[in-house]
Amino acid sequence: MDDFWKSDDWSMSDEPNASSGGSVLVVVSAGQLAAAKSLLGAAQSIAPYLGANVVAALLGGDDAAADELLKVGATQVWLVDVATSGLLDDAAAALAALAQQGSVAVILFASGERGDSLAGQVAGRLGAGLVVGAQSLSVDYGSQQVQAVQPIYAGAGLATWQANGKPAIFTLRPDIATPSLNRPATGKVARFDYAATGELLKVVRREHSPLQQEMLRAKVIVAGGYGAGAAGFAALKELAATLGGVVGASKSAVAAGWATREQQIGMLGQTVRPDLYIAVGISGTPEHLMGIAEGATIVAINSDPRAPIFQLADYAIVGDAATVLPALTARLKKLYASD
Amino acid sequence: MDFTLSKEHQMLKRSLREFVESELAPVARDTDLHERQTEANLGKMARAGMFGLPFPQKYGGAGMGELGYCLMMEETARVDSSTTTILGAHIGIGAMTIYLDGTEEQKQKYLVPAARGELLAAFALTEPGAGSDAAGIRTNAVRKGDEYILNGSKIWITNGPTAGVITVFAVTDRTLGARGGVTAFLVEPSFEGFSVGKLYDKMGIRGSGTAEIVMQDCRVPKANVLGKVGLGFITAMKTLDGGRLGLGAGSLGGAEAALEACVAYAKRKFVCDRGQLTPLAYQQYVQWVVADISADVYALRQMVYHCAHMADSGQKFSQESAIVKMFGSEVGARAIERVQQVMGQDGVMVGGNIERGMRDERISRIFEGTNEIQRTVIAGEIFKKVGLKV
Amino acid sequence: MKIVVVVNAVPAERVSVTAGKLDFGEAAMLGPASRAALYLALAVSDEVTVLATGELAAAEDALREALAYGAQRAILIAASDQRGATDYAARADAVKGALEQVESDLIICAAGSYALARGSFAPTGALLAGMLGRAYIGGVESLVQAGDLEVTAREGDELLTYAVPAGTQVVLGVSNPAPAAHELPWFGGILNAYHGGEVERQAVAGEGKLTLSQIGPAPRRDGRELLTDPAAESVAVLVESLRTRSLI
């Protein structure tokens with residue numbers, strides 16, 4: 001089975017078993033193995049069309065973690081030891097060196113503040129093209145170049161980019177690809193030794209300072225907009241308390257005095273990353289929506305069936321907050337009581 | 001004709017809008033309740049140059065002219081009329097007297113710190129016996145050596161309690177009356193014989209301090225005579241022209257805010273109409289209110305900005321500014337009253353913007369020249385053009 | 001210390017029902033992260049150059065705003081028309097080209113982005129750091145000049161302060177708009193920015209490694225059900241589904 005994937009029916013190589021398309025390199029940090037599965041899945045969906053094999057670079061991990069990666073589809077894992085000073089490390093330089101050593105066609109990272117900035121530094125060093133936050137990858141049949149679809153303008157639009165050369169770097173939303181199937185680990189694990197050049201900056205102070213607003217750490221957020229009204233805000237505070245979540249607000253609700261500036265979510269407020277976002281009486285302008293990171297499940301409750309938020313929401317209830325919220329709270333209390 | 005604001009005024013308006021919505025709006029209710037602004041906000045406004053917005057940069061101002069001043073009044077009045085009043089009295093009539101008629105020394109001593117927000121200015125003309133009949137003031141000033149001794153009291157002085165310099169109008173020659181007998185003086189609260197009297201408890205604009213000031217043998221150095229002795233009334237009238245314009249701009253802001261509140265309310269409030277839940281906006285009365293107010297606002301906006309343009313280009317604008325103040329305050333009154341009716345019970349809740357707006361708005365038809373006086377001024381200007389003195 | 005701040009322009013607030021375009025025009029303004037980056041620079045230096053790329057009209061207003069806040073020099077790099085989506089590597093390359101003419105001890109990039117997916121960050125600063133071979137510190141929240149330059153950046157729940165010795169060139173990324181309250185520019189600066197302030201234009205094209213093959217609105221999400229039943233039933237369905245997905 002493996003031989004089939006490695007064969008080069010599409011290439012002009014003399015050696016039918018060699019991967020003349022180079023490799024697709026997936027970069028994973030030790031603490032991010034869950035994301036690795038979907039990145040490797042995405043890698044596997046494009047590697048055959050490029051005639052490439054899938055390799056992984058594990059930053060700061062051990063052999064056990066490397067084995068996990070082999071099981072989910074990497075044919076080779078490079079263990080990259082990086083010298084670190086706080087959040088600065090040699091990873092970018094090391095990865096650039098690794099990419100230049102083998103012929104790497106594509107490098108994949110998990111999208112996020114860390115992944116995007118690491119991908120950016122590597123792309124800068126290699127002079128490569130970069131697409132941030134891509135939601136799907138494919139290979140264009142004619143040119144054999146990788147294509148990525150990228151959401152833009154807070155999800156209102158989609159842009160499709162095509163790489164113009166090698167390597168091309170993409171950061172992917174971690175939940176996009178189907179994770180690859182488990183298989184026996186048959187690949188190799190090797191260390192990539194990299195000699196650090198230059199000194200890392202010194203950390204002179206390290207302060208434990210959890211994000212001031214619990215909203216930025218919250219997994220559940222119940223946010224109210226202008227449509228909620230003062231009465232609606234009282235009800236949604238209760239809902240948030242029942243769910244163990246935090247209350248947020250749109251700009252109009254803050255302007256009306258029902259919430260504080262610290263609770264404002266959106267372009268001029270906070271960017272939040274919850275798992276569950278319940279939007280009550282929020283119409284859904286891009287300026288608000290851009291404050292909700294991708295990956296959240298959005299429940300929208302609004303009395304206007306044509307509100308733009310319904311385009312984005314995963315669950316939509318059309319109704320008045322005054323009736324829906326108490327019903328929802330009561331139902332949840334019943335559910336929790338019976339747990 | 002291009003009526004778009006220039007780029008710098010657009011940026012000014014945007015910055016003001018952001019500031020007002022993020023800093024003044026959240027504390028507007030507290031400002032009203034506790035009758036004062038927060039130090040933090042006053043500091044920000046001073047650093048931004050709001051206290052001297054129209055004055056040239058060489059006098060410590062921001063140089064944005066009468067138009068910039070009107071934009072500021074409009075934007076602040078959208079959320080907090082008390083702040084608008086403080087700024088209006090300070091810039092529009094207080095510091096403006098010094099800008100129009102002060103000597104270089106007086107400008108350096110008073111106008112520059114006032115523009116920077118280090119000193120608050122006020123304008124004192126009204127007396128217990130002379131309100132609309134301003135020519136009947138009785139506070140007198142007697143020359144004694146190098147000083148003038150002032151005796152009398154002035155009432156309803158905005159910024160009175162905390163002002164650092166007050167332009168006081170006093171009679172220097174009773175026989176000449178208003179034409180040649182009144183002089184303007186720059187009085188500091190530290191002068192001997194000056195005291196702040198009663199603090200007024202007002203229905204609205206409670207965040208702005210208003211007080212009586214009392215002068216009992218108050219000693220004012222002769223260097224503090226503003227303009228020429230005897231020509232104080234002209235200073236007063238000149239200054240009030242610009243002040244009125246600013247107030248009209250304030251009414252514009254209030255009316256716009258009321259209209260936007262009405263539109264938002266009508267959109268989200270659902271009422272049962274013939275068995276179906278529909279937005280309140282479907283009701284004809286509400287649509288007419290919105291249409292009427294928007295017509296008023298459209299007219300007032302053009303009026304305010306056109307008049308500001310006249311002021312900035314050096315033209316005489318007494319008649320126009322009186323119209324702006326009169327029409328503007330009445331537009332504001334109609335707007336807030338009708339919006340409150342549309343919003344029903346929601347409009348009379350204490351702590352809400354509409355209830356506070358209603359209380360704040362009432363004074364605009366009364367102060368800085370009642371609307372009756374404005375009408376007198378307008379008619380007087382018109383008849384003067386055809387040779388009749390009315 | 002000469003600082004270059006790379007900023008983003010965002011469209012100015014949409015207009016109200018009363019004003020129309022007369023008062024707000026089609027202008028753009030500095031984005032929240034850009035403004036935060038500019039404040040950091042202005043607090044430690046009085047030789048601040050601001051650089052922006054983008055469509056001429058929009059980015060120029062943002063640069064004038066930067067001049068109004070107190071920057072000394074503003075440079076606009078003409079961008080090739082990307083029809084709404086940005087090739088960040090090309091943009092960083094253009095910035096790098098422009099920087100060859102500008103002396104800088106420190107580069108601060110605004111990493112917030114209005115134009116990407118929700119919650120994403122623009123990688124301009126990271127790309128630039130890679131291209132110039134400099135260290136990149138992202139998530140910067142404050143900057144203090146105390147002998148060495150002290151840069152405080154956030155990593156999760158920790159604030160790390162780095163000492164950057166004089167002479168070491170780094171690139172900083174600012175993504176978090178300061179949670180502190182809004183600071184206004186001095187309004188006199190607005191006047192000066194438009195009368196006398198100069199926005200320099202440079203036509204530096206960045207070399208892009210990507211081609212935009214398609215751009216359009218995201219497809220409508222059809223096929224989901226709008227729950228419009230009386231509250232009790234909709235709520236029951238919702239709770240059931242969220243429970244199955246372990247979200248509640």
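Two residues are in contact if their C-beta atoms, placed from the backbone, lie within 7 Å. By this rule, the contact between chain A and chain C takes 79 residues from chain A and 68 residues from chain C. The structure is a predicted model, in which local features need pLDDT of at least 70 and side-chain atom pairs count only at pLDDT 80 or more, while totals for chains, interfaces and linings use all residues. Residues are numbered from 1 along each chain as its sequence is written, and chains are lettered from A and ligands numbered from 1 in the order in which they are written.

**Chain A against chain C**

On the side of chain A that touches chain C, helix α5(A) gives the most, with 10 residues. Helices (H or I, at least four residues) and strands (E, at least two) are DSSP runs, numbered from the N terminus. By class, that side of chain A has 45 nonpolar, 23 polar and 11 charged residues. Here Ala, Val, Leu, Ile, Met, Phe, Trp, Tyr, Cys and Pro count as nonpolar, Asp, Glu, Lys and Arg as charged, and the others, Gly among them, as polar.

Helix α5 of chain A covers residues 113-126, and helix α5 of chain C covers residues 124-132. Their axes come within 6 Å and cross at roughly 35°. Axes are lines fitted to C-alpha atoms, for helices over the stretch in contact, and angles run from 0 to 180 degrees between N-to-C directions. The contact involves A:Ser117, A:Gly120, A:Gln121, A:Val122, A:Ala123, A:Gly124 and A:Arg125 on α5(A), and C:Ala126, C:Leu127, C:Leu128, C:Ala129, C:Gly130 and C:Met131 on α5(C). By class, the contact of the two helices has 7 nonpolar, 5 polar and 1 charged residues.

**Sheets**

Strands of chain A and chain C also pair. Two strands pair if DSSP finds at least two bridges between them. An open sheet of 4 strands has the order β8(A)-β9(A)-β10(A)-β13(C), with antiparallel pairing. At its edges stand β8 (136-139) of chain A and β13 of chain C; each has a single partner strand, so one side of each is left without a neighbour in the sheet. From one strand to the next, the twist averages 25°. In the pairing of β10(A) with β13(C), A:Trp161 has C:Leu212 as its bridge partner. Between β8(A) and β9(A), A:Val139 stands opposite A:Val146 in β9(A). Helix α2 (residues 33-50) of chain A lies across β8 and β9 of chain A and runs at about 10° to β8(A).

Another open sheet, in chain A, has 7 strands in the order β7-β11-β6-β1-β2-β3-β12, and its pairing is parallel. Its edges are β7 (129-134) and β12 (188-192) of chain A, each with a single partner strand, so one side of each is left without a neighbour in the sheet. Neighbouring strands of this sheet are turned by 20° against each other on average, direction ignored. Within it, A:Leu108 stands opposite A:Phe170 in β11(A).

The table lists strand pairs from both sheets.

| Strand | Partner strand | Bridges | Direction |
|---|---|---|---|
| β10 of chain A (residues 157-163) | β13 of chain C (residues 210-217) | 7 bridges | antiparallel |
| β8(A) | β9 of chain A (residues 146-152) | 4 bridges | antiparallel |
| β6 of chain A (residues 104-110) | β11 of chain A (residues 168-172) | 5 bridges | parallel |

**Chain B**

Chain B has 10 helices and 10 strands. Its C-alpha trace spans about 85 × 50 × 40 Å along its principal axes. With 390 residues, a compact globule would have a radius of gyration near 21 Å, and chain B agrees, with 21 Å. The radius of gyration is taken over C-alpha atoms, and the globule rule is 2.2 Å times the number of residues to the power 0.38.

The domain assignment of chain B gives domain 1 (7-120), domain 2 (122-230) and domain 3 (234-385); such bounds come from an automatic or database domain assignment. The C-alpha centres of domain 1 and domain 2 of chain B lie 23 Å apart. Between these domains, 24 residues of domain 1 are in contact with 17 residues of domain 2. On the domain 1 side, α1, α4 (81-101) and α5 (104-115) of chain B each supply at least two residues, and α4(B) gives the most, with 12 residues. The residues of that side divide into 8 nonpolar, 11 polar and 5 charged.

Chain B also touches chain A: 8 residues of chain B are in contact with 7 residues of chain A. On the chain B side, the elements that give two or more residues are α1 (7-34) and α6 (232-268) of chain B. Of the residues on that side, α1(B) gives the most, with 5 residues. By class, the side has 4 nonpolar, 1 polar and 3 charged residues.
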